[in-house]
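Open your viewer and get ready to click along. We will take this tour one selection at a time.

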Amino acid sequence: MSTFAGPPAARQQPLMNSGDSDASPDGSPSQFLLLRGLEPTVTEDILAKGVTKLYKPSGPSTPPTASTGKKSNAKVASTTGDANLGAKEGSLRRVLLVRDRRTTDSWRYGFAEFATVDDAQAAVTRFNSFDKFTISSKPVTVDYIHAGVFVPVFNSADDPDEFCFSPLSNATTKLAYWDKDAYASVLLVSSGASQQETAATESNTKSAADLAAAAAEGEGLLPPGKEAEIKVKKRKAEAATAAAKPKKTAPAHLQFWSNRHAELHGIQPNSSKDQDGDGASSSQQSAGAAAPDNSTPTQTFANPEKKCCYLCSRQFKSEAEVNKHERLSQLHRDNLKKEDLVSQAQAKMAKAGLSTSSREDTSEYRDRAKERRHAFGTSERISLPLKKQANQPDVGVQEEAEQPPIPSKGASLLGKMGWSAGEGLGAQSSGRTETIATDMYVQGVGLGAEGGKIGDAVGEAERNTKGGYGDFLERTRDKAKERFERLG
C-alpha cells in the first residue's frame with residue numbers, strides 16, 4: 001500500500017531588493033547618491049537627465065503657475081526648488097542603474113556619482129528644497145550610500161567584466177554591486193577633466209597672429225622684440241580711437257540743472273552754444289585754443305532800468321538776463337580786455353548818471369524775492385498767530401469776551417418771527433424770559449430728593465470731558481464744603 005506524500009511544496013520566490021539597505025543609516029555624506037522609487041521604464045539616459053535637475057540653475061527660474069480653471073486656494077506642490085541651491089553644473093560624472101543579471105530588468109533604483117562630496121551635498125540640499133522631486137512624473141527619494149554598496153572584485157570568474165566598473169580615479173581596480181543577482185549599468189555623463197589641465201591647454205595654445213609673428217621673427221622679417229612693440233602700438237591706437245568717439249550728451253533736465261549750478265556759482269557752463277547770440281559764438285570761435293577766463297567781472301556796465309549792457313551794446317528782456325550776461329558771457333569777458341570799448345562804456349554810464357566804480361564784493365546776496373515783488377506786485381499779507389510770551393496780556397480772551405455770543409439755532413428761528421433778545425415768549429411777549437436751566441441729578445434719585453442735584457449739566461459735562469486731577473480735587477472740595485455747611 002502506497003502512501004500519498006501530497007503535492008510538492010511550491011518554490012518560494014526570492015524577495016527583490018528595493019535599495020533600502022543601501023542608504024546610509026547615519027546620513028554620512030558620500031560621493032554617490034541613492035535614488036529610489038524609479039519607474040520600471042526609466043533608462044540610464046532618463047535617470048541622468050532627471051539628476052541634472054539637482055544642478056544650481058544658471059538663469060532666472062519662474063515658479064509654475066496654476067491654471068485659471070483650478071481653485072485659487074488649491075495646494076500645488078512645487079517642483080522647482082530654490083534657485084540659490086544645487087550642485088555645480090557639469091559636476092555629475094556618471095549614473096548607475098541597478099538591473100537584474102538574468103533579465104536585465106530595472107530594479108527601480110540607481111546611483112548618481114558626483115565629482116566631489118561637496119557637489120553631492122549641494123545636490124541633496126537642493127533635493128530637500130523641493131516639495132516633490134520627480135523623475136518621469138514619479139516622486140523619487142535621494143539619500144547618501146554607505147561604504148559597503150560597491151565591493152572590490154578579486155576573482156574575475158565570479159563577476160564578468162560586463163557586471164563590473166572601475167573608479168574614475170583608478171582604472172585598474174574593479175568594483176561590483178554587492179548583490180550577486182544584480183549589476184550596476186553605468187552611463188558616463190561627463191569625463192570631468194580638471195580645470196588645471198584646461199588652463200594648461202589654454203596657456204599652451206597660441207593664437208594664429210602670435211604664430212605668424214613668431215615665424216616672421218624667425219625668418220628675419222621682423223626684428224627681435226618687435227612683436228610686443230606692435231601689440232603696444234595697437235593698444236594705444238585702440239585707446240585713441242575710443243577717446244575720439246563722441247561722448248554721450250547729458251539729458252535735457254540734467255543739463256538744465258547743471259546750467260543753474262553754473263549760474264549760481266559763476267562757472268562757465270559746458271555748452272558749445274553761447275546763450276547770448278551769434279556775436280558771442282563768433283567771439284568764442286575766434287578765441288580758438290585760448291583758455292577761457294572763469295573769473296567773475298569786478299565792474300558792471302549794465303543799466304538795470306533800461307536792461308542793457310553798455311559794454312557789449314546788448315539789450316535784454318529782464319534784469320536777471322543782464323546779470324547772467326555779465327557773469328557768463330564770453331563776449332562780455334572778451335570786451336573787458338578792449339580798452340576802447342571799456343572807455344566808451346564808461347562814458348555812456350557817466351552820461352546816464354550811473355556809477356562806474358568796481359564792485360567790491362562779487363558774492364553779494366541777491367534778493368530775488370524782492371525782484372519778484374517788484375515785477376509781479378505783492379499779495380495780501382497773512383498774519384499768523386505768534387507764541388504768547390509769559391508777561392504778555394491775553395488780548396485774545398478780552399476780544400472774545402467783548403464780542404456778542406453767536407445766537408443758537410432756536411434764537412435765530414425766533415428772530416426771524418420778530419422776537420428780540422430780552423422779550424418774553426408768546427404773541428403778547430408775556431411768556432418767560434429766562435432760559436430753561438439744564439441741571440444734572442444723581443442717577444436713580446427723585447427730583448425732590450435732598451442732595452440729588454449735582455449741578456449745571458453743561459459745566460459737569462465739560463468737567464467730565466477734561467478729566468483732570470485738578471477738577472477732581474475741586475469737586476471733592478465742594479462736596480466736603482457742602483456737607484460741612486449742612487451739618488452746621
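Here is a walk through the whole chain, then its charge pairs, its unusual backbone spots and its surface patches.

**The whole chain**

Before selecting anything, take in the full view, and keep in mind that this is a predicted model. Colour by secondary structure and you can look for 15 helices and 14 strands. The protein has 488 residues, and 24% of them count as buried. Now switch on the surface: about 35700 Å² is exposed, with 54% of that supplied by carbon and sulfur atoms. How much of the contacts with a separation of 6 or more comes from residues 24 or more positions apart? Such residues account for 64% of those contacts.

**First stop: a buried charge pair**

Side chains of opposite charge can pair when their charged atoms come close. In this structure there are 7 salt bridges to find.

Select Glu113 and Arg94, which form one salt bridge, and check the closest N and O atoms: they are 2.4 Å apart. The pair links distant parts of the chain, with Glu113 in strand β3 (residues 106-114) and Arg94 in strand β2 (residues 92-100), 19 residues apart. Are these two buried or exposed? Glu113 has a relative accessibility of 5%, so it counts as buried, since buried means under 20%. Arg94 counts as buried too, at 5% relative accessibility.

**Second stop: one partner in, one partner out**

Next, select Arg102 and Asp100. Their side chains meet in a salt bridge, at 4.0 Å from N to O. Turn the surface on and look at each partner in turn. Arg102 counts as exposed at 72% relative accessibility, whereas Asp100 is buried, with a relative accessible area of 10%.

**Third stop: a pair along a helix**

Now go to helix α15 (residues 469-487) and select Glu482 and Arg486. How many residues apart are they? They are 4 residues apart, about one turn of the helix. Their salt bridge has its closest N and O atoms 3.7 Å apart. Glu482 is partly exposed at 37% relative accessibility, and Arg486 is partly exposed at 46%.

Before leaving the charges, select Asp20, Arg36 and Asp143 together. These residues are linked in a network of salt bridges.

**Fourth stop: unusual backbone angles**

Most residues other than glycine have a negative phi, and most peptide bonds are trans. With that in mind, select Arg108, in strand β3. What is the phi of Arg108? Its phi is positive, about 70 degrees, although Arg108 is not a glycine. Arg108 is partly exposed, with a relative accessible area of 35%.

Then jump to Lys307, in the loop between β10 (302-303) and β11 (308-309). Lys307 is also a residue other than glycine with a positive phi, this time near 55 degrees. Lys307 is partly exposed as well, with a relative accessible area of 28%.

**Fifth stop: a helix residue and its contacts**

Select Gln121, which lies in helix α2 (residues 117-129). Which residues does Gln121 contact, leaving aside its neighbours within four places in sequence? The answer is Pro29 and Tyr144, so add both to your selection to see the contacts, meaning heavy atoms within 4.5 Å. Gln121 and Tyr144 are 23 residues apart along the chain, and their C-alpha atoms are separated by 8.9 Å. Gln121 counts as partly exposed, at 30% relative accessibility.

**Last stop: two surface patches**

Keep the surface on for the finish. Select Arg368, Lys370, Arg372 and Arg373, which form a positive surface patch. Arg373 is found in helix α11 (residues 368-376), and it is partly exposed, with a relative accessible area of 43%.

Finally, select Leu414, Met417 and Leu425. They form a nonpolar patch on the surface, and together they have about 290 Å² of accessible area. Where is Met417 found? Look in the loop between α13 (409-416) and β13 (439-441). With a relative accessible area of 67%, Met417 is exposed.

Definitions and conventions:
Residues are numbered from 1 along each chain as its sequence is written. This is a predicted model: local features need pLDDT of at least 70, side-chain atom pairs count only at pLDDT 80 or more; totals for chains, interfaces and linings use all residues. Side-chain values use heavy atoms; hydrogens and water are left out. Patches are made of residues with over 30% relative accessible area and no salt bridge: like charges are joined within 9 Å, nonpolar side chains (Val, Leu, Ile, Met, Phe, Trp, Tyr) within 5 Å. Accessible areas come from the Shrake-Rupley method with a 1.4 Å probe; for residues, only the protein chains shown count as cover. Lys and Arg count as positive and Asp and Glu as negative; His and the chain ends are not counted. The place of a charge is taken as NZ of Lys, CZ of Arg, CG of Asp or CD of Glu. Helices (H or I, at least four residues) and strands (E, at least two) are DSSP runs, numbered from the N terminus. Buried means under 20% relative accessible area, exposed over 50%, partly exposed in between (1.4 Å probe, protein chains only).
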